[in-house]
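Let's take a walk through this structure together, one loop and one strand at a time. Keep the 3D view open and follow along.

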Amino acid sequence: MNKNTSLPMAIANIQGGNNFPELTGQVKFYQKRNAVLVVANIQGLPETQTGFFGFHIHEGNSCGGNEFTETGSHYNPENISHPSHSGDLPPLMRCNGGAYLAVATDRFNVKDIIGRTVVIHSMPDDFTTQPAGNAGMKIGCGGITRL
């Protein structure tokens with residue numbers, strides 16, 4: 001395990017689904033004392049009406065299946081309502097086809113999400129609809145691996 005908090009402890013390499021082959025990027029996870037810093041750098045996001053995309057940690061350990069069905073639902077070990085799942089993150093905002101996001105969260109530790117997946121959805125999360133925010137289809141995915 002990486003003891004240097006200035007280096008990421010885990011990474012997810014994002015790939016788009018069959019209809020979004022240009023979608024790529026990385027999500028890095030930095031364990032800090034009381035939080036995890038999540039840093040996403042994504043390219044190839046499609047044009048949409050809103051320009052926002054749901055962005056979540058999912059419980060599954062694979063990006064397999066048609067439209068990433070093996071990712072399962074949002075990471076939610078406490079079994080609480082959306083948008084308070086451990087895996088709920090702020091949406092990505094498209095800018096010139098890409099998105100950059102840095103957010104701190106105390107909803108999980110890096111060790112808790114190793115082997116799970118990061119998912120990008122086609123629509124923004126509405127932060128209301130149960131169980132997952134009506135964020136549309138899964139258009140990008142990456143498995144979270146320890147560095």
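Phe-68 sits in the loop between E5 and E6, and since this is a predicted model, what follows describes the prediction. For a residue that isn't a glycine, Phe-68 has an unusual feature to look at: its phi is positive, at about 60 degrees. With a relative accessible area of 9%, Phe-68 falls under the 20% cut-off and so counts as buried.

Stay in that loop and move along to Pro-83, which is also found between E5 and E6. The peptide bond joining His-82 and Pro-83 is cis, with omega at about 15 degrees.

A little further on comes His-85, again in the loop between E5 and strand E6 (92-93). Is His-85 buried or exposed? Its relative accessible area is just 4%, so His-85 is buried. Who keeps it company there? Setting aside neighbours within four places in sequence, His-85 is in contact with His-74, Tyr-75, Asn-76, Ile-80, Arg-107 and Pro-131. One of these partners, His-74, also makes a polar contact with His-85, side chain to side chain, at 3.2 Å.

Another name in that contact list, Pro-131, takes us to a second loop, the one between E8 and E9. Here there's a cis peptide bond too, running from Gln-130 to Pro-131, with omega near 5 degrees. The loop between E8 and E9 also holds Asn-134, a non-glycine residue with a positive phi of about 50 degrees. Asn-134 has 49% relative accessibility, so it counts as partly exposed, whereas Phe-68 is buried.

Now for the strand that leads into this second loop. Which way do the residues of E8 point? Thr-117, Val-119 and His-121 point one way, Val-118 and Ile-120 point the other way, and all are buried. With 5 of the 5 residues of E8 (residues 117-121) buried, the strand is largely enclosed by the rest of the structure.

What does E8 pair with? Strand E5 (residues 55-58) is joined to E8 by 4 bridges, and the two run antiparallel. To find your bearings there, look for Phe-55, which stands opposite Ile-120 in E8. E8 also pairs with strand E9 (residues 138-146), again in the antiparallel sense, over 5 bridges. For this pairing, start from Val-118 and find its bridge partner in E9, Gly-142.

How values were computed:
Residues are numbered from 1 along each chain as its sequence is written. This is a predicted model: local features need pLDDT of at least 70, side-chain atom pairs count only at pLDDT 80 or more; totals for chains, interfaces and linings use all residues. Side-chain values use heavy atoms; hydrogens and water are left out. Buried means under 20% relative accessible area, exposed over 50%, partly exposed in between (1.4 Å probe, protein chains only). Two strands pair if DSSP finds at least two bridges between them. A polar contact is a pair of N or O atoms within 3.5 Å; within protein, one must be able to donate a hydrogen and the other to accept it, and residues adjacent in sequence count only if both atoms are side-chain atoms. Contact means heavy atoms within 4.5 Å.
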